[in-house]
Amino acid sequence: MSGTAVVTGASAGIGEVYARRLAERGYHVVLVARRESRLRALADELGGEALVADLAAGADVTRVAERVAAEDVTLLVNNAGINGYGSFGEVDAELLSKVITLNVTVPTALTRAAVPGMLDRGRGAVINVASLLAFAGALPPDPLPFRAVYAGTKGYVVTFTRTLAAELAGTPLKIQVCCPGYTATEFHLTAGDTSVADETAAAKRDEPHAMSAEDVVTASLAGLDAGEVVVAPGLDDPAAVDRLVAAEAELRGASRPVLAARYRE
Ligand SMILES: NC(=O)c1ccc[n+]([C@@H]2O[C@H](COP(=O)([O-])OP(=O)(O)OC[C@H]3O[C@@H](n4cnc5c(N)ncnc54)[C@H](OP(=O)(O)O)[C@@H]3O)[C@@H](O)[C@H]2O)c1
């Protein structure tokens, strides 16, 4: 038995696969999402717990944080996330707030709930699910559907996780950010403020250009075993991450008291 794993967004897609794989690895799984019937069916199948919660609601987040802080918890997977795609000037402002809550505030709060106890017990891991869109910025192709806020939240998850991993590098804790590309799930069927209806999910079109959620989780768990902080499931050459670090070091070198020559008169 590997302890208890709490997986948010476990009623569908990548989170459901994490739940199944972690149960196979011997974890007791605690499944968090809004759709109660799906969660209970999966929890029964895996011998785990269903923790029905709307992570956009503060009181529910408090309940989940309490469960995450319990001493049996050895792994937290912050997977729940929504996209809120749309033209920035037109998309509902409340939906954008919800994207930030779900994708930024909640993973931060749950990580904060998990880490102190894990440090005390000398054991534990956190996986945060971001996206390759964290690295897309203004890159082509045209950024449709529009995604500035979503990409921004995932950029936060990458920077937060990498920085925390560096802070905790001398401890037994493992901290990972998993950055999938386009993945075949229900994700693109809703902006996220309401769950996808079962019949919509069942009628979902094939996504031939998408990676399977199974492959995403295979990469993430292999990366966890290997101690990788940044996992990009489709990335053949992991040296790309080292080159990113080298570019960051060059930019970070601009933190000095001397103004760059091109800004001087
Ligand atoms: N699919 C992709 O192409 C892709 C690519 C890169 C990164 N990602 C990231 O991967 C993660 C998982 O996405 P997915 O593709 O597996 O999406 P998905 O199939 O839509 O699953 C999303 C999960 O999040 C849960 N969720 C949504 N809103 C919630 C809320 N308010 N409270 C609690 N749970 C909530 C959903 O459950 P309920 O509806 O039952 O609450 C569901 O279990 C996300 O963080 C996403 O940003 C996805």
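In this predicted model, Leu31 stands opposite Ala50, a residue of strand β3. That pairing belongs to a set of four bridges that join strand β2 to strand β3 (residues 49–52), and the two strands run parallel. Strand β2, which spans residues 28–33, is mostly covered, since five of its six residues are buried. Between these two strands lies a helix, and together β2, helix α2 (residues 36–46) and β3 make a β-α-β unit that is right-handed.

Strand β2 also has a partner in strand β1 (residues 4–8), with which it pairs in the parallel sense over five bridges. Within this pairing, the residue of β2 that serves as the bridge partner of Val6 is Val30. To get from β1 to β2 the chain passes through helix α1, and this β-α-β crossover, too, is right-handed.

Where do these strands sit in the order of the open sheet? Seven strands form this sheet, in the order β3-β2-β1-β4-β5-β6-β9, and their pairing is parallel. Strand β3, met above as a partner of β2, is one of the edge strands, the other being β9 (230–231), and each of these pairs on one side only.

Following the order of the sheet past β1 leads to β4 and then to β5. Strand β4 (residues 73–78) pairs with strand β5 (residues 125–129) in the parallel sense, and four bridges hold the pairing on record here. In this stretch Leu76 stands opposite Val126 of β5, while the bridge partner of Asn78 in β5 is Asn128. The chain crosses from β4 to β5 through helix α4 (residues 93–121), and the resulting β-α-β crossover is right-handed.

Is strand β5 enclosed or open to the outside? Four of its five residues are buried, and therefore β5 is largely enclosed by the rest of the structure. On the way to the next strand in the order, five bridges join β5 to strand β6 (residues 174–178), and these two strands run parallel. One example of the facing residues is Val129, which stands opposite Cys178 in β6.

From the sheet we can turn to the ligand. How many residues surround the ligand? There are 29 of them, and the closest are Gly9, Gly13, Arg34, Gly81 and Ser195. Helix α1 (residues 13–24), the helix through which the chain passes between β1 and β2, contributes three residues to the shell around the ligand, which is the largest share. Sorted by class, this shell has 14 nonpolar residues, eleven polar residues and four charged residues.

It remains to view the protein chain as a whole. Its secondary structure comes to eight helices and nine strands. The radius of gyration of the chain is 19 Å, which is close to the 18 Å that the globule rule gives for 265 residues, so the chain is as compact as a globular protein of that length. Taken along the principal axes, the C-alpha atoms fill a box of roughly 70 × 45 × 40 Å. Of the 265 residues, 40% count as buried. Finally, among the contacts in the chain with a separation of 6 or more, 67% are accounted for by residues 24 or more positions apart.

Note on methods:
Residues numbered from 1 in each chain as written. Predicted model: local features only at pLDDT ≥ 70, side-chain atom pairs only at ≥ 80, totals over all residues. Near = placed C-beta within 6 Å. Nonpolar A, V, L, I, M, F, W, Y, C, P; charged D, E, K, R; others polar. Buried ≥ 20, exposed ≤ 12 C-beta atoms within 10 Å, placed from the backbone. Pairing = 2+ DSSP bridges. Right-handed = clockwise from strand over helix to strand, strands pointing away. Rg over C-alpha atoms; globule rule 2.2 N^0.38 Å. Contact = placed C-beta atoms within 7 Å.
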